[in-house]
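Student: Please take one part of this model and go through it closely. I would like a connected account of how a strand sits among its neighbours.

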Amino acid sequence: AYNFASIYDTRSGQEIARVTTPADDFGGIVDALALSGDGSRLAVGGDFEIVRVFDVSTGKLLLKLSGNRGPAERKAVFALDDAGQRLAVVSPEGTLTVLPLDGSRPQTTRDLASPVDRLAFSQNREYLVLDGLDSTIRVLDAISLEERARIPHQLNVAAVTFAADNTRVRVTLYDGSVRQSKWRPQDLIAQACSVIGRNFTKSEWPRYFPDQPFRPICAR
């Protein structure tokens with residue numbers, strides 16, 4: 001038996017590609033798909049922390065990852081960048097790995113503070129955004145995997161991504177609504193200064209910038 005994934009042109013509704021793979025290669029279940037922004041690569045996820053990446057135009061298998069069956073409610077989460085050059089995978093235990101598909105650089109790995117439900121690359125491929133089970137959205141550098149921003153929330157998140165200019169994180173909720181937040185430190189500082197109209201006091205500072213030393217930041 002075989003599973004297959006069909007790719008359609010959203011304007012015409014016509015099928016433009018189909019990738020076929022043996023069903024037993026995924027433990028009998030295919031439960032997740034990811035398509036690169038340029039449509040060149042398709043990632044298919046299965047039941048045993050299994051992820052396969054295919055070239056859409058040829059159907060050729062480019063990358064094959066295998067793992068062990070994790071908790072029934074947890075699966076590997078993955079995303080492709082817009083150019084189809086890198087695959088980001090978070091294991092059910094919370095280990096993030098970024099793997100190049102073109103052999104241009106070695107893979108990088110980071111253990112996260114919490115398992116992840118959703119992730120995406122920025123359109124310029126410089127950043128990753130991840131929504132963790134600890135109700136925290138994190139922005140990471142997509143090369144070094146260092147954390148650049150952290151946004152706590154209490155939302156029922158269906159999807160997370162970047163706005164087109166990469167300066168805001170966009171969250172889609174299960175009720176269909178969309179929210180977005182600035183995440184770059186310089187933008188957050190400017191926003192905070194515009195609200196309070198003065199510099200922070202030493203007692204206020206830790207509430208907004210707990211990991212940075214106290215200093216004047218607002219133009220008087």
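Tutor: Two strands are said to pair if DSSP finds at least two bridges between them. The model is predicted, and the part chosen here is strand 13, residues 136–141.

On one side of the sequence, strand 12 pairs with strand 13 in the antiparallel sense, over five bridges. Within that pairing, Asp131 stands opposite Ile137. The two strands form a hairpin with three residues between them, and Ser135 in the turn has a positive phi of about 60°.

Strand 13 also pairs with strand 14, residues 147–152, again antiparallel and over five bridges. Here Val139 has Ala149 as its bridge partner. This hairpin has five residues between the strands, and Leu145 takes a positive phi near 65°.

As for burial, six of the six residues of strand 13 are buried. In a regular strand the side chains alternate between the two faces of the sheet. In strand 13, Thr136, Arg138 and Leu140 point one way, while Ile137, Val139 and Asp141 point the other way, and all are buried.

Back in strand 12, Tyr127 belongs to an aromatic contact. The count comes to four aromatic pairs. In one of them the ring centres of Tyr127 and Trp183 are 4.9 Å apart with planes at 70°, so the pair is edge-to-face. Trp183 lies in the loop between strand 17 (178–182) and helix 1 (185–196), 56 residues from Tyr127. Tyr127 counts as buried at 19% relative accessibility, and Trp183 counts as buried at 4%. Ring pairs link both residues with Phe162 into a cluster.

Key
Residues numbered from 1 in each chain as written. Predicted model: local features only at pLDDT ≥ 70, side-chain atom pairs only at ≥ 80, totals over all residues. Heavy atoms only, no water. Phe/Tyr/Trp six-rings, centres within 6.5 Å; stacked < 30°, edge-to-face > 60°. Helix = DSSP H or I, 4+ residues; strand = E, 2+ residues; numbered from the N terminus. Buried < 20%, exposed > 50% of the residue type's maximum accessible area, 1.4 Å probe, protein only.
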